[in-house]
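Biologist: I am new to this one. Please show me the structure, and let me ask how you know what you say.

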Amino acid sequence: MCGIVGYVGPQGALDVVLEGLRRLEYRGYDSAGVALLSDGELSTAKKAGKLANLEKELAEQPLPAATIGIGHTRWATHGGPSDRNAHPHVSADGTVAVIHNGIIENFAALRAECEASGIEFSSETDTEVVAHLLAAVYEATPEGEGRLAEAMRGVCQRLEGAFTLVATHVAEPDTLVAARRSSPLVVGVGDGEYFLGSDVAAFIGHTREARELGQDQVVEIDRTRGLTVTGFDGTPAEPKAYTVDWDAAAAEKGGYDWFMLKEIAEQPQAVADTLLGRLGENGELLLDEVRLSDEELRDIDKIFVVSCGTSYHAGLIAKYAIEHWTRIPVEVEVASEFRYRDPVLDRSTLVIVISQSGETMDTLMALRHAKEQKARVLAICNANGSTIPRESDAVLYTHAGPEIAVASTKAFLSQIVACYLVGLFLAQVRGIKYEDEIAAIVDDLRRLPEAVEKVLEQMEPVRALGRSLADANTILFLGRHVGFPVALEGALKLKELAYIHAEGFAAGELKHGPIAVIDQGTPVVVIVPSPRSRNSVHGKVVSNIQEVRARGARTIVIAEEGDEDVVPYADHLIRVPRTPTLMAPVVTTVPLQVLSCEIADTRGFDVDQPRNLAKSVTVE
Ligand code: M6R
């Protein structure tokens, strides 16, 4: 969601801020703006629509040169996407400019208070109250070093909800102040310069040295005094330093038409990197980074996997493996529902939260609820320095590299693999599986990058199929066992990218209702399990294909090499390499990603930034 950039240093601030905003475009937005501070004057420009609109405006009406500035890409919540609702918002007296990510839940009361004091609002946003309040509190704050930071602390104590705020004041020409509560903000430290960003992509082209801010903290960055962090109550705090292990090239398209295509192609590497250093020579699991003691892991009697969207689908897949390997019951739940139904949690419960971004608000709130109930929380996350791993008891990072396209691809495969590592590690620590059994599964995991590579080599017919499906009104996806969550993921990808109605079903459920929607020519994608699968669902899925075909469906069958049973019933057959049942989602998902990408591209849509969507959903 909203992208935030701030800069203080020797360079031209506008260029640095615009570059940061460009790198944050992937988060999803509908308007953009900048504010620069030079010679004690604030100047702003803001435009609805894409960054190009703002850049055009800046070319026509240039702002004075400055070396301190802030920039924002807005994903509308309060007030539609328009020029006047775009950030930065400036206080009525013209002294303060503010950008914001999140929602100020008590903004209506605060707005009424400001209006009662005679202030006229110029937008419908919740953010604008912060600009007016900050200007007023600044006036009431004693003069001296750190005055803006002190005023920001005072304002934050009055705000309810989740927010990242960055502000600048005309009386402090060398200072930016930022605050965060439950919303992302990282600081980049360069040579004599500082950056603020919603995530490290904002400054990855300038520095890889970063500082993590904690909950309810204010950071002041000053050209001469450097960086000072305090809590909202003024208590000094030490930000955690870390080095970003992504480079700028990793966040660029590198010759591909879409980031999504690049990220699909990077999947063998993402899987390999997620396994790297975690598999021992003798086939044992090496997960020292999981900071839970063996005793704590042995005490676990129940697991919840909690996440959203694609990460939720990774959790659904993980359930099959973790229960099978550990015999611990696993429940999987969407984060937005989890805490509101009062789940039964205690010290013996392990809650695994999965999040690519580490900033998804629903997942963060579920995590906090689990911790309040004394459950242990393990995060599976792709973004170092983000909130979810920081607040969890333990973390296992997926090493997928930056995922820029809104549609999650390489993060998904690496999440499945990370979940499997956790499941196997639990089985190892608890002595549920013999060493040679674990070593055999580890071998299966090691073969996955090559298997994904093979799938990628055979995608041309899938692309052609995608082009032929571009006019479909609806596409159904069927699967059983681990193929069921893969079907859900296939349907989600298609909806979010191609805006075509799609649904994923457990193939066995079809006859209980959904089969009625199948009509002449309805495309139905079927994920077929291996004929060698232990629980013999293969035959049943082959029957399901015949059932839908008998009712006119155009069948698109994903089946492993050598499965001849499906051939007579497949209008289109997509082959994937032979893979053990539990590993199959890592290969069967790939053609579904390619299919959706191709359909969306053929329909002329923006594959990387689909309408209405944000990469990281930082509001509930
Ligand atoms: O960053 P997260 O993994 O927490 O994000 C969760 C979902 O918002 C995300 O997976 C979303 O569903 C993707 N756009 C799907 O492609």
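Modeller: Start with one pairing: strand E13 (residues 226-231) and E14 run antiparallel and share two bridges.

Biologist: Why is this called a pair of strands, with just those two bridges?

Modeller: Two strands pair if DSSP finds at least two bridges between them. E13 and E14 have two bridges, so they count as paired. In one of them, Thr-230 has Pro-236 of E14 as its bridge partner.

Biologist: What kind of model is this, and how are residues numbered?

Modeller: It is a predicted model, with residues numbered from 1 along each chain as its sequence is written. Local features need pLDDT of at least 70, side-chain atom pairs count only at pLDDT 80 or more, totals for chains, interfaces and linings use all residues, and side-chain values use heavy atoms, with hydrogens and water left out.

Biologist: Which sheet does E14 belong to?

Modeller: An open sheet of seven strands, in the order E5-E6-E7-E8-E12-E13-E14, with antiparallel pairing. E5 (89-90) and E14 (236-237) each have a single partner strand, so they stand at the edges, and one side of each lacks a neighbour in the sheet.

Biologist: What makes something a helix or a strand here?

Modeller: Both are DSSP runs, numbered from the N terminus: helices (H or I) need at least four residues, strands (E) at least two. The protein has 19 helices and 25 strands.

Biologist: Which helix lies across E5?

Modeller: Helix H4 (residues 128-140) lies across E5, strand E6 (96-104) and strand E7 (161-169). H4 runs at about 130 degrees to E6. Axes are lines fitted to C-alpha atoms, for helices over the stretch in contact (heavy atoms within 4.5 Å), and angles run from 0 to 180 degrees between N-to-C directions.

Biologist: How do you know that the span of H4 is close to the expected one?

Modeller: The expected span is 1.5 Å times one less than the number of residues. H4 has 13 residues, and 18 Å is expected. Its first and last C-alpha atoms are 19 Å apart, which is close.

Biologist: Which residues of H4 are buried?

Modeller: Among them are Val-129, Leu-133 and Tyr-138. The buried residues of H4 pack against E5, E6, helix H3 (107-116), helix H5 (147-156) and E7.

Biologist: Why is Ser-182 called buried and His-481 partly exposed?

Modeller: Buried means under 20% relative accessible area, exposed over 50%, partly exposed in between (1.4 Å probe, protein chains only). Ser-182 has 6%, so it counts as buried. His-481 has 21%, so it counts as partly exposed.

Biologist: What is the phi of Ser-182, and what is that of His-481?

Modeller: Ser-182 has a positive phi of about 55 degrees, though it is not a glycine. His-481 also has a positive phi of about 55 degrees and is not a glycine. Ser-182 lies in the loop between strand E8 (175-181) and strand E9 (186-189). His-481 lies in the loop between strand E21 (474-479) and helix H17 (483-498).

Biologist: What makes strand E1 mostly covered?

Modeller: Six of the six residues in E1 (residues 3-8) are buried. Gly-3, Val-5 and Tyr-7 point one way; Ile-4, Gly-6 and Val-8 point the other.

Biologist: How does the radius of gyration agree with a compact globule?

Modeller: The radius is taken over C-alpha atoms, and the globule rule is 2.2 Å times the number of residues to the power 0.38. For 620 residues that is near 25 Å; the protein has 26 Å, which agrees.
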